[in-house]
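Visitor: I'd like to learn how to read a model like this one, feature by feature. Could you walk me through it?

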Amino acid sequence: MKKYCRFFGGFLDTQEDWLNKMAQKGYRLIRTEKMTYDFEECQPGEYQYAVEFVAHHSFKNEKEYRSFLEELGYKVFYKNINLNLSIGKIKWRPYGSGMGQISTNPGNYNKELFIVEKKNDGRPFNLHTTNYDKANYYKPLRNAWLTIVAMLLAFAVWIYFDNSYVSKGVIAFGLLGLLCSIPALKYQKSISFFSVNSNIEE
């Protein structure tokens with residue numbers, strides 16, 4: 001067994017690429033923790049992985065979706081997107097829908113991602129096949145990053161008005177807000193692309 005310490009946060013594509021590279025080298029994922037991944041040896045390229053954002057779902061919908069994927073023959077691992085180690089927490093997710101705005105521990109707290117494993121059959125591994133589905137999938141991801149951007153910029157503005165000058169805190173929060181807007185813009189670009197192609201298909 002091999003154990004690797006990694007933390008990818010909200011960079012889902014990077015995490016997915018790394019897992020698939022590990023599979024190409026002959027390592028199959030068997031366990032995930034907050035910052036570690038355990039692998040066992042397998043035939044190189046025997047498995048494929050997809051990383052799915054599910055933080056906007058309610059606990060019930062998340063469980064139903066996991067059961068659906070497992071019925072298709074996939075293996076599903078939970079993965080966290082943050083490093084909060086508290087117990088008994090309740091978290092508000094403004095980018096969620098309905099009860100998906102509330103996450104609890106125990107429950108779906110620190111289980112914002114699915115890592116989905118599929119036996120490699122030579123075909124691309126896509127959990128979302130239509131352009132319409134892909135556009136809808138990226139919307140909660142964009143909204144999650146926009147929430148972070150709004151909070152960081154709000155802190156920058158609050159510090160500015162509290163001190164009446166541009167302090168290091170204003171600059172730091174402002175720069176972080178701008179940096180976090182990059183993935184938000186990336187996902188918006190994907191939404192626009194798939195939405196246009198969805199309309200063409202109709």
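Guide: Gladly! Helices here are DSSP runs of H or I with at least four residues, strands are runs of E with at least two, and both are numbered from the N terminus. Keep in mind that this is a predicted model. With those labels, Gly-26, just after H1, takes a positive phi of about 100°. Likewise, H3 is followed by Ser-164, whose phi is positive, near 65°.

Visitor: How many helices and strands does the protein chain have, and in what order do the elements run?

Guide: The protein chain has 4 helices and 8 strands. Starting at the N terminus, the order is β-α-β-β-β-α-β-β-β-β-α-α. Of its 202 residues, 42% count as buried. Take the contacts between residues at least 6 apart in sequence: 69% of them join residues at least 24 apart.

Visitor: What span is expected for helix H3, and how far apart are its end C-alpha atoms?

Guide: The 33 residues of H3 (131–163) should span 48 Å at 1.5 Å a residue, and the end C-alpha atoms are 48 Å apart, which agrees. Helix H1 (12–24) can be read likewise: its 13 residues reach 18 Å from first C-alpha to last, close to the 18 Å expected.

Visitor: Which residues of H1 are buried, and which are exposed on the other side?

Guide: A general idea helps first. An α-helix has 3.6 residues a turn, so residues three or four places apart point the same way. In H1, the buried residues are Leu-12, Gln-15, Trp-18, Leu-19, Met-22 and Ala-23. Viewed down the axis of H1, these buried residues fall within an arc of 140°, so they line one face of the helix. On the other side of H1, Lys-21 and Gln-24 are exposed.

Visitor: Is Ala-55 buried or exposed, and where is it found?

Guide: Buried means under 20% relative accessible area. Ala-55 has 0% relative accessibility, so it counts as buried. Ala-55 is found in the loop between strand S4 (47–53) and helix H2 (59–71). The C-alpha atoms of Ala-55 and Ala-144 are separated by 9.0 Å, although the two residues are 89 apart along the chain.

Visitor: Which residues form the nonpolar patch on the surface?

Guide: The patch is formed by Val-157, Tyr-160, Phe-161, Val-166, Ile-171, Leu-175 and Leu-178, with about 700 Å² of accessible area together. H3 and helix H4 (168–201) are the elements that give two or more residues to this patch. Leu-175, found in helix H4, counts as exposed at 51% relative accessibility.

Visitor: How many salt bridges does the structure hold, and what parts does the pair Asp-13 and Lys-186 tie together?

Guide: Side chains of opposite charge can pair when their charged atoms come close. The structure holds 9 salt bridges. In one of them, the side chains of Asp-13 and Lys-186 meet at 2.8 Å, N to O. Asp-13 lies in helix H1 and Lys-186 in helix H4, so the pair ties together parts that are 173 residues apart in sequence. Both partners are partly exposed: Asp-13 has a relative accessible area of 36%, and Lys-186 has 42%.

Visitor: And how do the accessibilities of Lys-118 and Asp-121 read?

Guide: Their side chains meet in a salt bridge too, at 3.1 Å, N to O. Lys-118 counts as buried at 10% relative accessibility, whereas Asp-121 counts as partly exposed at 38%. Elsewhere, salt bridges that share partners join Lys-3, Arg-31 and Asp-38 into one network.

Notes: Residues are numbered from 1 along each chain as its sequence is written. This is a predicted model: local features need pLDDT of at least 70, side-chain atom pairs count only at pLDDT 80 or more; totals for chains, interfaces and linings use all residues. Side-chain values use heavy atoms; hydrogens and water are left out. The expected span of a helix is 1.5 Å times one less than its number of residues. Buried means under 20% relative accessible area, exposed over 50%, partly exposed in between (1.4 Å probe, protein chains only). The arc is that of the directions from the helix axis to the C-beta atoms. Contact means heavy atoms within 4.5 Å. Patches are made of residues with over 30% relative accessible area and no salt bridge: like charges are joined within 9 Å, nonpolar side chains (Val, Leu, Ile, Met, Phe, Trp, Tyr) within 5 Å. Accessible areas come from the Shrake-Rupley method with a 1.4 Å probe; for residues, only the protein chains shown count as cover. A salt bridge is a side-chain nitrogen of Lys or Arg within 4 Å of a carboxyl oxygen of Asp or Glu.
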